Amino acid sequence: MNVAAQSRVQMPSGPPVDDAAFLAEVRAFLGVALTADLREAGRGTLGVHSDIAAGRLWHRRLFERGWAAPVWPIAWGGAGWSMRQKFLFDRECALNDAPILFAGGVRSLGPLLIEMGTPEQRARFIPGILSGDDLWCQGFSEPSAGSDLVAVTTRAVRVGDCYRVTGSKIWTTGAHHSNRMFAIVRTADGEKPHHGLTFLLIDMASPGLTVVPIIGLAGDHEFNQVFFDAVEAPVRNRVGDEGCGWTVAKRLMQLARSNNTPSALIRRVLRRAAAASDVGADLEPGLRARLAALAIELEAFEAVELHALARGTVDAGDPRGSSMLKLIGSELHQKVAELAMQIAGPAAAAALQALAVETGLDPRGAKAMAKHLCVRAASVYSGTSEIQRNVIGKYLLGA
Ligand SMILES: Cc1cc2nc3c(=O)[nH]c(=O)nc-3n(C[C@H](O)[C@H](O)[C@H](O)COP(=O)(O)OP(=O)(O)OC[C@H]3O[C@@H](n4cnc5c(N)ncnc54)[C@H](O)[C@@H]3O)c2cc1C
């Protein structure tokens, strides 16, 4: 398949937005739809997404309002917003503690199918992505293939009108909540490692598929190892041609980055740190000064993010957009989460809430520690900081 010839999903730059009118509409909606229990679930988020039931409910409310897929074209059920509107919306959600969605379907697979899927794949999968009825996990990493993703060895052998998949994926966030997975698998040993890869959509209820939990440092269960023992996936579930999976996967990763607002995630943690500092009236002046400095850094980061979105450098995969935002954003995220943990003080020593309660420590401290541990992963997932530096370095050196 000639990918260049496929129609690209236009992330609309749109007409100039009347920010005030748009924000008024968003705030009015949040005021009604974002109920106290949903706000509580958003505030209580310790991992990369909120409690899954609360997230599903929030997704449903967004879907009913027509806002489940903010930057998808209206023709495909999206809101058709500009990237700036999406940024403002995500910021407002962060300021109001909306749940963080487990939304690989909306963020990455949906736009990919609109761009590169068959008419049948779009008809079958897009409605479930929009409504939130289908949850999609990402089966890319393997025990020996992370940064070097083209080293995947999970093998798919074609038998009649299906592929039989055998191997293992790891660090699969939300595999235990998902009913579907998009994955890259090896269908041939090409001259170059990326030549024999194929992009498949797999039903998580397939016989031979096993999900094994991986428990995080704070006792959380967010990711998993997934094993495939001759798992069957129909050929009609292949996106792109056999052997062209690397091109498809790269485009999916670009779409995922361009559909993200890292500053909104950081703002949530900053809000929590600020709230904790209000509680501790005798907060050490050094910590108070760092809180103010990080708030200013976040304002600056938001300005950079908006600039990159306006120039379209995130969607285009230009390292000045995607890699720099990922690198700076991950580091700022970690600095803020670390400060929140320090503000919590000795109560943060118990990373497990149950332990905090047992030992008479403030459970909010345990939450700050759990969040700090989770955010350590920000410089690893979606491409490590070292890999982002390589990409930026190569670009700047013209290599
Ligand atoms: C919270 C979390 C959620 C995740 N969710 C998913 C998911 O849902 N689906 C999925 O498929 N994957 C997921 N991942 C996996 C993630 O994509 C990988 O962990 C990441 O790509 C790094 O791969 P790795 O862990 O194999 O580390 P490695 O690639 O083995 O890297 C180890 C170290 O070596 C460094 N390194 C490697 N290569 C180079 C190089 N060329 N130059 C300089 N330094 C290098 C790395 O920066 C790192 O410090 C998740 C990871 C985390 C932490």
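How many disulfides does the count come to in this predicted model? The count comes to zero disulfides, and the legends below take up the cysteines, the ligand site and several individual residues in turn.

**Figure 1. Two cysteines, Cys93 and Cys162, in a chain for which the disulfide count is zero.** A disulfide is a covalent bond between the sulfur atoms of two cysteines. In this predicted model, Cys93 is buried, because its relative accessible area of 5% falls under the 20% limit. Cys162 is likewise buried, since its relative accessibility is 9%. For a pair of cysteines to be counted as a disulfide, their sulfur atoms would have to lie within 2.5 Å, and by this rule the count comes to zero.

**Figure 2. The protein chain as a whole, shown as the setting for the close-up views.** The protein chain holds 13 helices and eight strands, and 50% of its 399 residues count as buried. Among contacts in the chain with a separation of 6 or more, 74% join residues 24 or more positions apart. The accessible surface of the protein chain comes to about 17700 Å², and carbon and sulfur atoms account for 57% of that surface.

**Figure 3. The ligand and the shell of residues around it.** There are 16 residues around the ligand, and those that come nearest are Ser141, Ser147, Trp171, Thr384 and Glu386. Sorted by class, this shell has seven nonpolar residues, eight polar residues and one charged residue. Helix H13, which spans residues 385-397, contributes the largest share of the shell, namely three residues.

**Figure 4. Close approaches between protein atoms and oxygen atoms of the ligand.** A polar side-chain atom of Glu386 lies 2.6 Å from an oxygen atom of the ligand, and a polar side-chain atom of Thr384 lies 2.7 Å from a ligand oxygen atom. In the case of Phe140, a backbone N or O atom is involved, and this atom lies 3.0 Å from an oxygen atom of the ligand. On its own the ligand has 970 Å² of accessible area, of which the protein covers 64%.

**Figure 5. Lys86, a buried lysine in helix H4.** Helix H4 covers residues 83-95 and includes Lys86. Although lysine belongs to the charged class, Lys86 counts as buried because its relative accessibility is 8%. Setting aside residues up to four places away in sequence, Lys86 touches Pro70, Val71, Trp81, Asn259 and Thr261.

**Figure 6. Leu38 and its surroundings in helix H2.** Leu38 is found in helix H2, which runs over residues 36-43, and this leucine counts as buried because its relative accessibility is 1%. With residues up to four places away in sequence left out, Leu38 touches Ala33, Ala54, Leu57, Trp58, Arg61, Asp97 and Pro99. One of these partners, Pro99, is 61 residues from Leu38 in sequence, while the two C-alpha atoms are 6.4 Å apart in space.

**Figure 7. Asp134 and its polar contact with Asn179.** Asp134 lies in the loop between helix H6 (119-131) and strand E1 (136-139). Asp134 is buried, since its relative accessible area is 14%. The side chain of Asp134 makes a polar contact with the side chain of Asn179 at 2.8 Å. Apart from residues up to four places away in sequence, Asp134 touches Gly128, Ile129, Asn179 and Arg180.

Methods: Residues numbered from 1 in each chain as written. Predicted model: local features only at pLDDT ≥ 70, side-chain atom pairs only at ≥ 80, totals over all residues. Heavy atoms only, no water. Buried < 20%, exposed > 50% of the residue type's maximum accessible area, 1.4 Å probe, protein only. Near = heavy atom within 4 Å. Polar contact = N/O pair within 3.5 Å; in protein donor to acceptor, adjacent residues only side chain to side chain. Areas by Shrake-Rupley, 256 points an atom, 1.4 Å probe, with all protein chains shown as cover. Helix = DSSP H or I, 4+ residues; strand = E, 2+ residues; numbered from the N terminus. Contact = heavy atoms within 4.5 Å.
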